[in-house]
Every structure is written in C-alpha cells, then in structure tokens.
Amino acid sequence: MARPVQYNTKVKMVEIPDGYSGEGFYATSFDKAIGLARKNSIWPLPFATSCCGIEFMATMAATYDLARFGAERMAFTPRQCDLLMVMGTISKKMGPVVRQVYLQMAEPRWVMAVGACASSGGIFDTYSVLQGIDQVIPVDVYVPGCPPRPEGIIDGFMKIQELVGQESLRRRNSDRYKELMESYGIR
C-alpha cells in the first residue's frame with residue numbers, strides 16, 4: 001500500500017555565494033553573506049487599497065504561498081518591515097500617508113508597486129488619483145496588471161530578492177543614493 005503522504009523530491013537549495021572553501025571552513029565577503037540572509041528573510045508590509053489587495057491575499061494563501069520565498073511574516077507596522085508593497089489606487093490625499101509609512105521604515109527598505117493603479121494611476125486619470133506612487137516615494141520594482149495575477153506578484157517579489165541579494169552594504173551611503181532621496185525631499 002502506498003503512503004498517503006508524498007514528499008517533495010524537487011527541493012531547490014539556495015546557491016552559496018562565491019568564496020573559498022577548504023576542509024572545515026568557508027570564506028566569502030561580508031556583503032555576500034549579508035545579502036544572502038537579507039534576500040531570504042524579507043518582511044513585507046502590504047499597503048492595499050483595492051482589488052490588487054485581493055490578489056495579494058491569494059498570493060499569500062496556500063496555493064501560491066509567498067512564505068516559501070522567505071516572506072513568512074506579514075507585519076503591519078513599518079518599523080519592522082523592509083519591503084513596502086503598495087497595491088491599488090492611491091488618491092492624492094493618501095500620498096502623504098504612503099510617504100509617512102515609507103519614512104517610518106528602517107533602512108534598508110525597498111518598495112514594490114503592484115498593479116496598474118499603484119504604478120501609473122491605472123484607468124483613473126482624474127484629478128484626485130496619484131498617477132503612480134513614484135511621485136511621492138522611490139520605487140524599486142513595478143508589477144504590471146489590472147489586477148496582476150499571483151504569479152506576477154511572485155515574479156516581482158523574486159526581482160526584489162535579486163536586488164536585495166546583490167546590493168552592496170555601502171550603497172545606501174553613496175552620493176547617488178543620497179541624491180535620489182533628496183530628489184524626493186527625504187534626508
């Protein structure tokens with residue numbers, strides 16, 4: 001009789017960073033070790049206002065399970081998160097709120113605009129809708145769609161993981177980064 005539980009035989013291991021290995025030790029750069037740890041333990045903060053939030057709920061559910069990418073813990077406090085996922089229509093009155101949430105997040109922080117409304121205002125080309133959240137905060141990854149499928153949200157999350165894993169520890173102190181923050185009025 002076959003066992004009722006089947007085990008996953010297609011387990012993919014995380015690639016180790018470049019380094020030097022010998023008998024009983026492994027040496028690599030501090031940047032690569034920190035990048036590997038950061039990219040596999042991202043804590044997202046969902047900022048959902050519309051139908052994209054429903055798709056995000058489906059992404060977190062058992063069928064797609066975003067937790068398998070290291071996003072196990074959803075936090076609804078900006079001080080504990082490092083990825084702001086803005087989903088849905090953002091009105092101009094909500095722009096300062098999104099900015100305040102972004103500023104309350106600790107460095108390093110990343111932003112993902114999910115859906116057409118968060119990326120470009122979507123079909124709402126009106127006076128009251130912000131035409132993309134990149135008018136108030138810098139965005140790292142845009143996920144297209146109206147609403148985007150869970151596969152698209154997962155793809156965007158994997159792009160964020162690539163950015164996080166390759167980012168230098170000193171990038172946030174560079175002149176280019178400081179200029180970008182000053183262009184948004186952030187010091």
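Pro-44 stands opposite Leu-83 of strand E4, and this pair makes a convenient way into the predicted model. Strand E3, which spans 44-48, runs parallel to E4, and 5 bridges join the two. On to the next pair: E4 (residues 83-87) is also joined by 5 bridges to strand E5 (residues 110-114), again in parallel. Within this pairing, Val-86 has Ala-113 of E5 as its bridge partner.

Taken together, 4 strands make up an open sheet with parallel pairing, in the order E3-E4-E5-E6. Its edges are formed by E3 and by strand E6 (141-143), each of which pairs on one side only. From one strand to the next, the twist averages 20°. As a reminder for reading such a sheet, strands pair through backbone hydrogen bonds, in either a parallel or an antiparallel way.

Strand E4 deserves a closer look. This strand is mostly covered, with 5 of its 5 residues buried. In a regular strand, side chains alternate between the two faces of the sheet. In E4, Leu-83, Met-85 and Met-87 point one way, while Leu-84 and Val-86 point the other way. Residues on both sides of E4 are buried, the cut-off for buried being under 20% relative accessible area.

The helices come next. Helix H5 (residues 150-166) lies across E4, E5 and E6, and runs at about 160° to E5. In helix H3 (residues 95-104), the buried residues are Gly-95, Val-98, Val-101 and Tyr-102. Seen down the axis of H3, these buried residues fall within an arc of 130°, so they line one face of the helix. A general feature of the α-helix is helpful here: there are 3.6 residues a turn, so residues three or four places apart point the same way. The cover over the buried residues of H3 includes strands E3, E4 and E5, together with helix H6 (175-183).

Finally, there is the matter of open space in the model. The largest pocket has a volume of about 800 Å³. Its lining consists of 22 residues, and those nearest the centre are Val-14, Glu-15, Leu-36, Lys-39 and Asn-40. Helix H1 (30-39) supplies at least two residues of this lining, and H5 likewise supplies at least two. Helix H5 therefore appears twice in this description, since the helix that lies across E4, E5 and E6 also contributes to the lining of the largest pocket.

Key. Residues numbered from 1 in each chain as written. Predicted model: local features only at pLDDT ≥ 70, side-chain atom pairs only at ≥ 80, totals over all residues. Heavy atoms only, no water. Pairing = 2+ DSSP bridges. Axes fitted to C-alpha atoms, helices over the stretch in contact; angles between N-to-C directions. Contact = heavy atoms within 4.5 Å. Buried < 20%, exposed > 50% of the residue type's maximum accessible area, 1.4 Å probe, protein only. Arc of directions from axis to C-beta. 1 Å grid on protein atoms, 1.4 Å probe; cavity = no way out; pocket = protein on both sides within 12 Å on 5 of 7 lines; lining within 4 Å. Points joined across faces, edges and corners; volume = space filled by probe spheres on them.
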